Amino acid sequence: MSFQLLYREAPGNPWFSWQYVRDNSDTILAALREHASLTAQAVLLAAVIAIPLAVVGYWFRALAGPILALSGVLYTIPSLALFAFLAPFLGIGTITVLVGLVLYALLLIIRNALAGLNQVPPEVRDAAEGMGYGRFGRLLRIDLPLALPGILTGVRLATVSTVALVTVGVLVGHGGLGQLILGGFRNNFFKAEIFTGTVLCVVLALVLDLVLAGIGRILTPWAARRRIR
């Protein structure tokens, strides 16, 4: 008899069970590792795409609206429908999940990166031009460093959002902790499995957000001093 059946027949079917966690620690850790890996890969890929798009919108203001509009449209597509649409073209696997997650993360990073770039003081840009900086030199030495708090805010929001969305990837076989949640429903509403997957999703989102917040404080010490003042 499987452990799921034994737990289903247990009195009360509790929302949390240490015995379930102990007996299935390998499965839980594997799901957690997959969840964290998918989140990190998706956010990194999204940042690689989104930041250059934000720069294009910053340099060419006429393109900012269309870029935000397109990323906004992608963000509004229901996740179930998006994965169902991608699966016939990309197959059922990690690539399908990553593509969907990247598309959802773009808007959050583009919007905040563009806002950060637009908040660079005009006098700072003028001073940089007066010192002989070209467009790319000013971008690398002035604009992006000053816009870094906004960029990191977008990355943090995208990370938390992606942690939640990874669970939907269970539809194509790679949902990380979503495997536990869906497994709980399939196993006659086994509450401990559902609760464990849900709590770990929340904890993972909080941990990643705190890590990114700490990185942000290290990379932008001037922003912290400004808040204190």
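1. A nonpolar core, as the term is used here, is a set of buried Ala, Val, Leu, Ile, Met, Phe, Trp, Tyr and Cys residues that are joined through side-chain atoms within 4.5 Å. In this structure, which is a predicted model, the largest such core holds 39 residues, and the members that touch the most other members are Ala46, Val97, Leu101, Leu106, Ile109, Leu117 and Val155. Helices α3, α4 (61-76), α5 (79-90), α6 (94-118) and α8 each supply at least two residues of this core, and α6 gives the most, with 13 residues. As a general background to this, in soluble globular proteins nonpolar side chains tend to be buried together.

2. One member of that core may be followed in detail. Leu106, which is among the residues that touch the most other members of the largest nonpolar core, is in contact with Ala46, Ile49 and Ala50 once its neighbours within four places in sequence are left aside. A second, separate core of 8 residues also exists, and it includes Tyr20, Leu177, Leu180 and Phe190.

3. For the overall picture, the reader may start with the count of elements: the protein has 11 helices and 0 strands, so that a reading along the sequence gives the pattern α-α-α-α-α-α-α-α-α-α-α. Taken along the principal axes, the C-alpha atoms fill a box of roughly 75 × 45 × 20 Å. Of the 229 residues in the protein, 43% are buried. Among the contacts between residues at least 6 apart in sequence, 73% join residues that are at least 24 apart.

4. The second largest pocket deserves a paragraph of its own. What is its volume, and which residues line it? The volume is about 160 Å³, and the lining is formed by Ala36, Thr39, Ala40, Val43, Leu44, Ala47, Val155, Thr159, Leu208 and Leu212. Helices α3 (25-59), α8 and α10 (191-219) each supply at least two of these lining residues, while the largest share, 6 residues, comes from α3. By kind, the lining of the second largest pocket divides into 8 nonpolar residues, 2 polar residues and no charged residues.

5. Two residues of this lining can be set side by side. Is Thr159 buried or exposed? Thr159, in helix α8 (residues 135-166), has a relative accessible area of 5% and is therefore buried, the cut-off for that term being under 20%. Ala40, by contrast, has its place in helix α3 and counts as partly exposed because its relative accessibility is 48%, which falls between the limits of 20% and 50%. Ala40 and Leu29 are 11 residues apart in sequence, and their C-alpha atoms are 16 Å apart in space.

6. The surroundings of Thr159 can be described a little further. Its side chain reaches the backbone oxygen of Val155 at 2.7 Å, and Val155 also appears in the lining of the second largest pocket. When residues up to four places away in sequence are not counted, Thr159 touches Thr39, Val43, Leu208 and Leu212, and these four residues are likewise named in the lining of that pocket.

7. Ser71, which is found in helix α4, is another buried polar residue, since its relative accessible area is 3%. Its side chain reaches the backbone oxygen of Leu68 at 3.0 Å. Not counting residues up to four places away in sequence, Ser71 touches Leu107 and Ile110.

8. Where does Thr220 lie, and what does its side chain approach? Thr220 lies in the loop between α10 and α11 (221-228), and with a relative accessible area of 6% it is buried. The backbone oxygen of Gly216 lies 2.5 Å from a polar atom of the side chain of Thr220. Leaving aside neighbours within four places in sequence, Thr220 is in contact with Leu148 and Pro149. The C-alpha atoms of Thr220 and Leu206, which are 14 residues apart along the chain, are separated by 21 Å.

Methods. Residues are numbered from 1 along each chain as its sequence is written. This is a predicted model: local features need pLDDT of at least 70, side-chain atom pairs count only at pLDDT 80 or more; totals for chains, interfaces and linings use all residues. Side-chain values use heavy atoms; hydrogens and water are left out. Helices (H or I, at least four residues) and strands (E, at least two) are DSSP runs, numbered from the N terminus. Buried means under 20% relative accessible area, exposed over 50%, partly exposed in between (1.4 Å probe, protein chains only). A polar contact is a pair of N or O atoms within 3.5 Å; within protein, one must be able to donate a hydrogen and the other to accept it, and residues adjacent in sequence count only if both atoms are side-chain atoms. Contact means heavy atoms within 4.5 Å. On a 1 Å grid over the protein atoms alone, a cavity is a set of points where a 1.4 Å probe fits but cannot get out, and a pocket is an open set with protein on both sides within 12 Å along at least five of seven lines; lining residues have an atom within 4 Å of a point. Grid points are joined across faces, edges and corners, and a volume is the space filled by probe spheres set on the points. Ala, Val, Leu, Ile, Met, Phe, Trp, Tyr, Cys and Pro count as nonpolar, Asp, Glu, Lys and Arg as charged, and the others, Gly among them, as polar.
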